[in-house]
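Welcome! Take a moment to look over the chain, and then let us walk through it together.

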Amino acid sequence: MANELERVRELVEPITADLDLDLYDVERRGGTIRITVDTRPGSEGGISLDALSLATRLMSRELDHEDPITSQYTLEVTSPGLERTLRTPAHFQREVGKDITVRLTGHAVSEGEARRIDGKLVAADETTATLLTADGDERVITIADVDKARTIFEWGPKPKPGKGPGNTKTKNSAKTTSTSKSNTPKSNTPKQNTSQQKEKQQS
């Protein structure tokens, strides 16, 4: 399966380059091949629905032609959203300067230490990431020891003391999905998404 995903990456990376987009991630979740694309690092604003739809059509056509996946699957092309999953060294390097939350694997934590670390990502390389915690301490973690990590998006000021829950801003997760061959997302959402069902034809 790893070789199949590597082949998918090889096929879609030139497409994202031609569209001046960044291939953020390629992963498989059950029967879904998820390709995450974004604007180039340092760009203002996120990816548009039109760009996402165009990328979906071009990638779908290329994967249909090259047929790199041996089983039936659903192709999902999506944007990272406001809170981005951090899985690779490149992900950490891209998000330097932002607040993140990290959960370490159990074997990477000594007895009495917390598995979760929150802080500002101040440095990252191919093997480690450095977080500046609220206490002012710098914590260097090994990326291979990370169980889960993501950026933190501030949804608004915290409610003032004594204020009720009506002043608390809630986070809504939105996704736009299309299962037809013609993908036209219907709304602009924090996390944009299109998907297509791929079925293997029996010869």
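A handy yardstick to begin with: the expected span of a helix is 1.5 Å times one less than its number of residues. Keep in mind that this is a predicted model. Now try the yardstick on helix H2, which runs over 49-66. With 18 residues, H2 should span 26 Å, and its end C-alpha atoms are 26 Å apart, so the two agree.

Which residues of H2 are buried? They are Leu 49, Leu 52, Ser 53, Ala 55, Thr 56, Met 59, Ser 60 and Leu 63. These cover an arc of only 160° around the axis, which means they sit on the same side of H2. An α-helix has 3.6 residues a turn, so residues three or four places apart point the same way. On the other side of H2 you will find Asp 50, Arg 61 and His 65, which are exposed. After the helix comes Asp 67, with a positive phi near 55°.

Next, follow H2 inward. The largest nonpolar core has 20 residues, and those touching the most other members are Val 8, Val 12, Ile 33, Ile 35, Val 37, Met 59 and Leu 63. Two or more residues each come from helices H1 and H2 and from strands E1, E2 and E3, with H1 giving the most, five. Leaving aside neighbours within four places in sequence, Met 59 is in contact with Val 12, Ile 15, Thr 16, Ile 35, Val 37 and Val 77. Another core, of 15 residues, lies apart from this one and includes Phe 92, Ile 100, Val 102 and Val 146.

Finally, look at the rings. The whole structure has zero aromatic pairs, but Arg 84 lies over the face of Tyr 24, 5.9 Å from the ring centre.

Note on methods. Residues are numbered from 1 along each chain as its sequence is written. This is a predicted model: local features need pLDDT of at least 70, side-chain atom pairs count only at pLDDT 80 or more; totals for chains, interfaces and linings use all residues. Side-chain values use heavy atoms; hydrogens and water are left out. A nonpolar core is a set of buried Ala, Val, Leu, Ile, Met, Phe, Trp, Tyr and Cys residues joined through side-chain atoms within 4.5 Å. Buried means under 20% relative accessible area, exposed over 50%, partly exposed in between (1.4 Å probe, protein chains only). Helices (H or I, at least four residues) and strands (E, at least two) are DSSP runs, numbered from the N terminus. Contact means heavy atoms within 4.5 Å. Rings of Phe, Tyr and Trp (its six-membered ring) pair if their centres lie within 6.5 Å; planes under 30 degrees apart count as stacked, over 60 as edge-to-face and the rest as tilted. A charge sits over a ring if NZ of Lys or CZ of Arg is within 6 Å of the ring centre and within 35 degrees of the ring normal. The arc is that of the directions from the helix axis to the C-beta atoms.
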